[in-house]
Amino acid sequence: DQYDPAVSNGKVAWTDLRSGTADIWVYDIATGITTQITNEPHNQNLADIDGNTIVYTDDRAGLGADGFPNLDVYQYDLSTSTETPVSTDPERQLNPSIRGNLIAFEHLAVAAPHTSNIWVFDRSTNTSKAVASSTDQQVHPSVSGNYIAWEQITGGHHVIVVYDVTSDISTIVSPTGVDSLSPDMDGNIVVYQSTRTGNSDIFAY
């Protein structure tokens, strides 16, 4: 089985189960060559690719304090064939998104109530920080330029939040009181799914 495809710069990456565990594979459209990127007894699940850098979750750290896999985020540089950790905190890190030097990901607390906040890793400085610590659940980050969008549960509804890394300011960009889901960013535009009309429609901001 192959799933979770992502494409960038003429390279298609995906998660592949042919070895019995989840590994990352890449297909180069220009050369027609398929390459296995990860090959070890644990699971690596693809999340995103930008240029020559792939980001994915990895469960090699074993089980967390609650008995579930302790997921971490790793990056792999196709140009140097080098894997390096992005975050190996005892909490769970998952669903990374990468553009340029920024990798955003969910930071999920192992202890109840299992709050998920969005963190960002700057590859130019090798530093991480929480971009929006909150008791609200924050999931599905998407990075573009100096912006990070995510889905946040606020007041019983899902809203879309955009964070400006440069100004350190977060803004809710979708209507409150309805559900808005699954943001994706490119440039200064964020698109998302919303139920504001009573149906599920696509909106851009």
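A salt bridge is a side-chain nitrogen of Lys or Arg within 4 Å of a carboxyl oxygen of Asp or Glu. By this definition Asp-168 forms a salt bridge with Lys-129, because their closest N and O atoms are 3.9 Å apart. The model described in this report is predicted.

## Overall form

The protein contains 19 strands and 0 helices. Its radius of gyration is 17 Å, close to the 17 Å that the globule rule gives for 205 residues, so the protein is as compact as a globular protein of that length. Taken along the principal axes, the box filled by the C-alpha atoms is roughly 45 × 40 × 35 Å. Of the 205 residues, 41% count as buried. The accessible surface of the protein is about 9,800 Å², and carbon and sulfur atoms account for 51% of that surface. If one considers the contacts between residues at least 6 apart in sequence, 25% of them join residues at least 24 apart.

## Salt bridges

Side chains of opposite charge can pair when their charged atoms come close. How many salt bridges does the structure hold? The structure holds 6, and three of these pairs are set out below, including the one named at the start.

| Pair | N to O distance |
|---|---|
| Arg-60 and Asp-58 | 2.7 Å |
| Glu-83 and Arg-60 | 2.9 Å |
| Asp-168 and Lys-129 | 3.9 Å |

Arg-60 appears in a salt bridge with Asp-58 and again in a salt bridge with Glu-83. Glu-83 belongs to strand S8 (residues 82-87), while Arg-60 is in the loop between strand S6 (53-58) and strand S7 (72-77), so this pair ties together parts that are 23 residues apart in sequence. Asp-58, Arg-60 and Glu-83 are thereby linked in a network of salt bridges.

Are the members of this network buried or exposed to some degree? Asp-58 has a relative accessibility of 0% and therefore counts as buried. Arg-60, at 28%, is partly exposed, and Glu-83, at 30%, is also partly exposed. The reasoning rests on one scale: a residue is buried under 20% relative accessible area, exposed over 50%, and partly exposed in between.

The salt bridge between Asp-168 and Lys-129 links distant parts of the chain, 39 residues apart. Asp-168 is in the loop between strand S15 (157-164) and strand S16 (169-172), whereas Lys-129 is in strand S12 (residues 127-130). Asp-168 is partly exposed, because its relative accessibility is 48%. Lys-129 is likewise partly exposed, with a value of 36%.

## Gln-75 and its surroundings

Gln-75 is a residue of strand S7. Is Gln-75 buried or exposed? Its relative accessibility is 9%, and it therefore counts as buried. The side chain of Gln-75 makes a polar contact of 3.1 Å with the side chain of Arg-123. Leaving aside residues up to four places away in sequence, Gln-75 touches several others, among them Thr-53, Ile-54, Val-55 and Tyr-56. Glu-83, a member of the salt-bridge network, is also one of the residues that Gln-75 touches. Further residues touched by Gln-75 include Ile-103 and Phe-121.

## Backbone features

Most residues other than glycine have a negative phi, and most peptide bonds are trans. Which residues of this model have a positive phi without being glycine? Asn-9 has a phi near 55°, and Asn-95 has a phi of about 55°. Asn-9 is located in the loop between S1 and strand S2 (11-16), whereas Asn-95 is located in strand S9 (residues 92-99). With a relative accessible area of 57%, Asn-9 is exposed. Asn-95, at 33%, counts as partly exposed.

The peptide bond from Ala-112 to Pro-113 is cis, with omega near 10°. Pro-113 lies in the loop between strand S10 (102-108) and strand S11 (116-122).

## A nonpolar patch on the surface

Val-7, Tyr-27 and Ile-29 make a nonpolar surface patch of about 280 Å². Val-7 is in strand S1 (residues 2-8). Its relative accessibility is 57%, so Val-7 counts as exposed.

Terms used:
Residues numbered from 1 in each chain as written. Predicted model: local features only at pLDDT ≥ 70, side-chain atom pairs only at ≥ 80, totals over all residues. Heavy atoms only, no water. Patch = residues over 30% accessible without salt bridge, like charges linked within 9 Å, V, L, I, M, F, W, Y side chains within 5 Å. Areas by Shrake-Rupley, 256 points an atom, 1.4 Å probe, with all protein chains shown as cover. Helix = DSSP H or I, 4+ residues; strand = E, 2+ residues; numbered from the N terminus. Buried < 20%, exposed > 50% of the residue type's maximum accessible area, 1.4 Å probe, protein only. Rg over C-alpha atoms; globule rule 2.2 N^0.38 Å. Contact = heavy atoms within 4.5 Å. Polar contact = N/O pair within 3.5 Å; in protein donor to acceptor, adjacent residues only side chain to side chain.
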